[in-house]
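Colleague: Could you take me on a close look at the sheet in this model, strand by strand, and then show me what packs with it? I'd enjoy one connected account.

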Amino acid sequence: MNNDIPLRIDPVLFAKQERQFSGELVVADLPRIVEITPNPATQIVVTMSFSKSSLHYPLVKGTIDGEVVQICQRCLRHTNVAINSQFELLLVSGAAVESASQEGHEVFEYNEQHIDTVDFLEQEIILALPIVPKHSLLEECSASAQKWIKNKEHVPADQPKENPFAKLKDLNI
Ligand SMILES: [Zn+2]
């Protein structure tokens, strides 16, 4: 796949020209994702298409598909977390944010004339990642983690809890 993703986005111009981009990135190109992955070698495929919303704000629709390696919070081994994310965002700055948000789309606010593409994609990828990453199947976790969790599951149901007030009766207060 050709990578024709521009380094920076000019929302107004791209919407006017109805530009479309697609490309493949390596996680290593995305510094904020590098910080949260033990292996930045995985790939992310991105598509973006620009148009104008009904109120003529720049609108970007796109997809992000790929994998990010994360640390499984059950067994602390690496797990490949799949990302299949779609976004549809109005790109607006400053004073336009309030009126644009009435259009019913999510709004991405920017302050300079351009949006840094990497910033934008990093934000969308972080939103798509789970808060607590873990292997999708327990069977994929380390044997010791599986054993630990299965043992916890087999703990017999709680005994009926002693009523803390029962003791007070004995005390005759
Ligand atoms: Zn695991």
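Modeller: Happily! Start with Ser 22, which stands opposite Thr 47 in E3. That pair belongs to the antiparallel match of E2 with E3, held by 7 bridges. Please keep in mind throughout that this is a predicted model.

From there we can read across the sheet. It is open and has 5 strands, in the order E2-E3-E4-E5-E6, with mixed pairing. E2 (20–26) and E6 are the edge strands, each pairing on one side only. From one strand to the next, the twist averages 35 degrees.

Further across come E4 (residues 58–71) and E5 (residues 78–92), which are antiparallel to each other over 13 bridges. Within this part of the sheet, Gln 70 faces Thr 79 of E5 as its opposite number. The hairpin of E4 and E5 has 6 residues between the strands, and Leu 76 there adopts a positive phi near 65 degrees.

On to the edge: E5 and E6 (residues 106–109) run parallel, with 4 bridges between them. Here Val 92 is the residue opposite Glu 109 of E6. As a general reminder for reading any of these strands, side chains in a regular strand alternate between the two faces of the sheet.

Now for what packs with it. The largest nonpolar core contains 27 residues, and Leu 90, Leu 91 and Ile 125 have the most contacts inside it. At least two residues of this core come from each of H1 (11–17), E3 (43–52), E4, E5 and H4. E5 is the biggest contributor, giving 5 residues.

Leu 90 deserves a pause. Leaving aside residues up to four places away in sequence, Leu 90 touches Ser 53, Tyr 57, Pro 58, Leu 59, Ala 100, Glu 103, His 105 and Val 107. Among these partners, Pro 58 and Leu 59 fall within the residue range of E4, while Val 107 falls within that of E6.

Ile 125, another of the core residues with the most contacts, takes us to helix H4 (117–128). The buried residues of H4 are Phe 120, Leu 121 and Ile 125. Viewed down the axis of H4, these buried residues fall within an arc of 130 degrees, so they line one face of the helix. The general background is that an α-helix has 3.6 residues a turn, so residues three or four places apart point the same way. The length of H4 agrees with expectation too, because its 12 residues should span 16 Å at 1.5 Å a residue and its end C-alpha atoms are 17 Å apart.

Follow the chain beyond H4 and you reach the loop leading to H5 (143–153), where Val 132 lies. Is Val 132 buried or exposed? Val 132 counts as exposed, because it has 8 C-beta neighbours inside 10 Å and the cut-off for exposed is 12 or fewer. Val 132 also brings us back towards the hairpin region: Arg 74 is 58 residues from Val 132 in sequence, yet their C-alpha atoms are 9.3 Å apart.

Finally, a step back to the whole protein. There are 6 helices and 7 strands, arranged along the sequence as β-α-β-α-β-β-β-α-β-β-α-α-α. Of its 173 residues, 21% count as buried. Considering contacts between residues at least 6 apart in sequence, 55% link residues at least 24 apart.

Technical notes: Residues numbered from 1 in each chain as written. Predicted model: local features only at pLDDT ≥ 70, side-chain atom pairs only at ≥ 80, totals over all residues. Buried ≥ 20, exposed ≤ 12 C-beta atoms within 10 Å, placed from the backbone. Contact = placed C-beta atoms within 7 Å. Pairing = 2+ DSSP bridges. Core = buried A, V, L, I, M, F, W, Y, C linked by C-beta atoms within 7 Å. Axes fitted to C-alpha atoms, helices over the stretch in contact; angles between N-to-C directions. Expected span 1.5 Å × (residues − 1). Arc of directions from axis to C-beta.
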